[in-house]
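User: I'd like to learn how to read unusual backbone geometry in a model. Could you walk me through it?

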Amino acid sequence: VVGAGPTGCESAYVFNRFGVEVTWIVDQFGILPQMHRDLGLHLGKALVRQGVNIVQGQMVERLERGEKVTAVLADGTCVAAEMVFVAIGRAPDWKRLNLAAAGLKPNALGQLQTDDFGRSESGEIYFVGDAAGGPLIANKAMAQARVAGRHAAGTMVRGYNPFLVAQVTYTEPQAAQMGEVDQMETVRSVRVPFSAGLKSHLIGDTDGFLELFYSTANQQVKGAIALGPNAADVLAPVAVALQLKATLNQMAEIYAPHPSLSERSFIAARAA
């Protein structure tokens with residue numbers, strides 16, 4: 001498997017689960033480079049424990065066909081395999097649309113410039129999902145489609161907010177992220193292990209963590225990352241907190257059903 005974004009991660013994981021011997025080539029940018037660094041680090045370790053062989057630190061310069069397919073890395077290292085799955089990026093296919101007739105032209109990344117409502121430079125044509133740029137994920141496309149449809153119909157609607165959309169890699173463990181998750185002077189975080197919740201012990205999987213990010217000025221919740229079983233579902237309460245601009249104290253006052261996976265974000269708020 002060549003490529004370490006979400007598709008590369010999911011492919012390396014699933015081929016391994018099918019019983020295929022997998023070598024995963026990860027370049028110098030690491031695993032899940034567009035997500036929080038700790039998610040990629042911990043996910044990589046988890047997949048190694050599951051039997052995936054990771055070759056890390058070098059970009060693939062070319063693939064050569066012979067009896068096997070050989071990936072030649074930047075430093076000259078050769079990695080041979082019976083088959084190669086390449087996951088190094090995608091772009092929208094515009095061939096069937098006559099964009100020029102509308103005065104529109106994709107940029108170098110194959111994307112079109114849009115505003116927060118999905119309107120293109122033409123003012124009358126809307127683009128959402130992959131056509132409007134990354135991340136190329138379904139929930140982002142659905143969120144943008146709702147905004148664009150309501151705006152085109154003249155209905156009151158807020159512009160698309162990327163911080164309300166979770167990015168998830170569907171491996172085991174899952175890796176999930178939403179909101180602002182960069183450590184800075186005005187943002188702090190608290191991390192709690194999945195073992196802090198009883199549900200993890202009941203399902204027999206306590207590996208993983210949730211980290212909640214908040215403003216030092218007013219304790220407003222800013223974002224979260226999670227790694228572990230059902231990490232995507234674990235972040236659902238954080239999405240509501242971000243939309244309502246909730247504070248740590250407001251989250252700490254909520255006691256979700258016990259035992260449940262959704263408890264973890266509230267446990268983190270109380271820990272903070």
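User: Let me start with a location: where is Pro259 placed?

Analyst: Happy to help, and keep in mind that this is a predicted model. Pro259 sits in the loop between helix H7 (248-252) and helix H8 (263-271).

User: What kind of peptide bond joins His258 and Pro259?

Analyst: The general idea comes first: most peptide bonds are trans. Here, His258 and Pro259 are joined by a cis peptide bond, with omega about 0°. A cis bond also links Gly134 to Pro135, where omega is about -5°.

User: And where is Pro135 found?

Analyst: Pro135 belongs to the loop between strand E5 (78-81) and helix H3 (138-152).

User: Now phi. What sign should I expect in general, negative or positive?

Analyst: Most residues other than glycine have a negative phi. In this structure, Leu32 has a positive phi of about 50° without being a glycine. Asn230, also not a glycine, has a positive phi of about 55°.

User: Which loop holds Leu32, and is Leu32 buried or exposed?

Analyst: Leu32 lies in the loop between strand E1 (23-26) and helix H2 (37-49). Its relative accessibility is 2%, so Leu32 counts as buried; the cut-off for buried is under 20%.

User: How does Asn230 count, then, and where is its place?

Analyst: Asn230 counts as partly exposed because its relative accessibility is 33%, a value judged against limits of 20% and 50%. Its place is the loop between strand E10 (221-228) and helix H5 (231-234).

Definitions and conventions:
Residues are numbered from 1 along each chain as its sequence is written. This is a predicted model: local features need pLDDT of at least 70, side-chain atom pairs count only at pLDDT 80 or more; totals for chains, interfaces and linings use all residues. Side-chain values use heavy atoms; hydrogens and water are left out. Helices (H or I, at least four residues) and strands (E, at least two) are DSSP runs, numbered from the N terminus. Buried means under 20% relative accessible area, exposed over 50%, partly exposed in between (1.4 Å probe, protein chains only).
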